Amino acid sequence: MRFRAAVLNEVGKDLEIDELEMQPLQAGDVLVRMRASGLCHTDLEVIQGSLAYPMPIVLGHEGAGVVEEVGAGVTQVCVGNHVILSWNPHCGHCFYCERDLPILCEPFRHHQPKGHLLDGTSRMQRGGQTVHHYSITSTHAEYTVVPESGAITISKDIPFDRACIIGCGVMTGVGGAVRQAQVEPGSSVVVLGCGAVGLNALQGAKLAGAATIIAVDINSEKRAIARDFGATHTLDARDTNAVGAVLDLTQGRGADYVLEAAGNANVFAVAVEMARPGGDVVWLGKVNVDAEVSFRWGTLMGERRMVRSSYGNGRPVRDFPWLVDEYLAGRLKLDELITRRIALEDINDGFAMLARGEGIRTVVMFDG
Ligand SMILES: [Zn+2]
Ligand SMILES: [Zn+2]
């Protein structure tokens, strides 16, 4: 079958809307007709070259759609199911899967950087040339093929645009607070950076019952939005006394949990300064893989737990339907996260906005 997709042919260049051919489904494959696909900062890192992937490649790892066809042996999804895609499909039986760490699934970690599906091959071609899959999702396309473990069935009551953002930004942020940090009721939480992940970390902290929720960002508009997402206090990241302000709000101890969602090496260190002795620091953001991050040793005295979390310790099969239910019950904000809806043809414009730090989430909408 033929379909249109946004293809990255070269680092630093615009994506091109091209017609591709999808190869026949293999055992375990799920063909999804995409209905909505979010633009995430990690896609931008591939476009800008700070994350290296083979080209040509179809980006996008935050998508929702309808199952169009399934390969042999698929039992968990049916044709017609509404699904959110997981960018961390896993084999279920490797060294890490057996240790309840599917984020580190060995076939995933082996094949994902090569732009392949879990079986080590691609389903997409252009004029006979292989086109690569990004993070085994490639959602910036009218159709995509994913392994069964990457297609998570959800309620048909949630609109696709709201559903798609659960697949990366919402899971990472809410999961960072609820699943990774396991924020306790009545506790204090600092969230550094109020982009899509940070706002979701704030509403995750609120869902978990945190009493003091401090949002830190350089942008006054984002600090104002942070209040709507559960922040009880906001701080300007450029304030040289931001660490002191956190101490003042936490009886001089520092916060029980600090969630970093700014993706900045200096902020990684500030996050540690803001945590109380015995507190938890969760780094959700990323910097260039070659960047060095340093800490003042004194901040590590008196114990801190520090975790680098890739998907907010999310388990898509458990958590995507839960997050959908939280939205449908009015406890999770998704409408407010989508600041722009665009057609696939306008995707370069959407990424330019993201690069400028404008808006929260832009979503590509596909025709129903
Ligand atoms: Zn993402
Ligand atoms: Zn595995």
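**Two sheets, their helices and a few unusual backbone spots**

R126 stands opposite Q129 of strand β8. That pair sits where strand β7 (residues 124–126) meets strand β8 (residues 129–133), an antiparallel match held by 3 bridges. Everything described here comes from a predicted model. Both strands belong to a closed barrel of 5 strands, which runs β1-β2-β7-β8-β4 and has mixed pairing.

Following the chain out of β8 leads to a couple of backbone oddities. The loop between β8 and β9 (143–147) holds I136, and S138 lies in that loop too. Neither is a glycine, yet I136 has a positive phi of about 55° and S138 has one of about 45°. Are these two residues buried or exposed? With the bar for burial set at 20 or more C-beta neighbours within 10 Å, I136 counts as buried because it has 26 of them. S138 has 33 C-beta neighbours inside 10 Å, so S138 is buried as well.

Another backbone feature turns up in the loop between α1 and β4 (57–58), where P56 is found. The peptide bond joining M55 to P56 is cis, with omega at about -10°.

Helix α1 (residues 41–48) itself meets helix α10 (residues 347–355): the two axes come within 10 Å and cross at roughly 100°. An angle from 65 to 115 degrees counts as roughly perpendicular, so that is how α1 is placed against α10. On the α1 side the contact is made by H41, L44 and I47, and on the α10 side by F351, L354 and A355. Sorted by class, this contact of α1 with α10 comes out at 5 nonpolar residues, 1 polar and no charged ones.

Then there is the open sheet. Its 6 strands are ordered β13-β12-β11-β14-β15-β16, and the pairing is parallel. β13 and β16 (305–308) are the edge strands, each pairing on one side only. From one strand to the next, the twist averages 15°. Within the sheet, strand β11 (residues 188–192) pairs with β12 over 5 bridges in the parallel sense, and L192 stands opposite V216 of β12. Helix α6 packs on this sheet, where it touches β12 and β13, and its direction makes about 160° with that of β12.

Which residues of helix α6 (residues 220–228) are buried? They are K222, I225 and A226. These residues are on the same side of α6, because they cover an arc of only 110° around the axis. Their cover includes α5 (196–207), β12 (212–217) and β13 (233–236). Turned away from that buried side is a face carrying the exposed residues S220, E221 and D228. Just after α6, G230 takes a positive phi of about 120°.

Elsewhere in the sheet, strand β14 (residues 255–260) and β15 also pair in the parallel sense, over 5 bridges, with E260 standing opposite W283 of β15. How many of the 9 residues of strand β15 (residues 275–283) are buried? The count is 7, so β15 is largely enclosed by the rest of the structure. Helix α8 (residues 265–274) has its own buried set, namely F268, V270, A271, V272 and M274. What covers those α8 residues includes the strands β11, β14, β15 and β16, along with helix α7 (242–249).

Terms used: Residues numbered from 1 in each chain as written. Chains lettered and ligands numbered in written order. Predicted model: local features only at pLDDT ≥ 70, side-chain atom pairs only at ≥ 80, totals over all residues. Axes fitted to C-alpha atoms, helices over the stretch in contact; angles between N-to-C directions. Helix = DSSP H or I, 4+ residues; strand = E, 2+ residues; numbered from the N terminus. Parallel < 35°, antiparallel > 145°, perpendicular 65-115°, else oblique. Contact = placed C-beta atoms within 7 Å. Nonpolar A, V, L, I, M, F, W, Y, C, P; charged D, E, K, R; others polar. Buried ≥ 20, exposed ≤ 12 C-beta atoms within 10 Å, placed from the backbone. Arc of directions from axis to C-beta. Pairing = 2+ DSSP bridges.
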